[in-house]
Amino acid sequence: MKVQFKSEAGAATAEYAIATMAAVGFAGLLVVIMRSDEVRQILFDLVRSALTFNNPNGQATP
């Protein structure tokens, strides 16, 4: 019994196309979420607190 395999030419291209479409969909969802003022304020506060240094000893650093 002889087994013949079909050509897989173009399979990688199709996989890249599907991954690209998924990334575009995810980016679109992020854009919709980021337009919310509440989410924008939460992220702004998170970044600000991450960039602010609070000395745990309560002393100023030289």
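Here are three short exercises on this predicted model, each with a worked solution.

Two ground rules help before you start. Residues are numbered from 1 along each chain as its sequence is written, and side-chain values use heavy atoms, leaving out hydrogens and water. Because the model is predicted, local features need pLDDT of at least 70 and side-chain atom pairs count only at pLDDT 80 or more, while totals for chains, interfaces and linings use all residues.

**Exercise 1. Describe the chain as a whole: its helices and strands, its buried share and its exposed area.**

Step 1: Look for DSSP runs, numbered from the N terminus, with H or I over at least four residues for a helix and E over at least two for a strand. The chain has two helices and zero strands.

Step 2: Apply the burial classes (buried under 20% relative accessible area, exposed over 50%, partly exposed in between, with a 1.4 Å probe and protein chains only). Of the 62 residues, 0% are buried.

Step 3: Take the Shrake-Rupley area with a 1.4 Å probe; for residues, only the protein chains shown count as cover. The chain exposes about 6,200 Å², and 65% of that comes from carbon and sulfur atoms.

**Exercise 2. Place Leu30 in its helix and classify its exposure.**

Step 1: Leu30 sits in helix H1, which covers residues 11-34.

Step 2: Its relative accessible area is 39%, so Leu30 is partly exposed.

**Exercise 3. Find the salt bridge in the structure and describe the setting of both partners.**

Step 1: Search for a side-chain nitrogen of Lys or Arg within 4 Å of a carboxyl oxygen of Asp or Glu. The whole structure yields one salt bridge.

Step 2: Arg48 pairs with Asp45, with the closest N and O atoms 2.9 Å apart.

Step 3: Asp45 lies in helix H2 (residues 37-51). Arg48 and Asp45 are three residues apart in helix H2, so about one helical turn separates them.

Step 4: Check exposure: Arg48 is partly exposed at 46% relative accessibility, and Asp45 is partly exposed at 30%.
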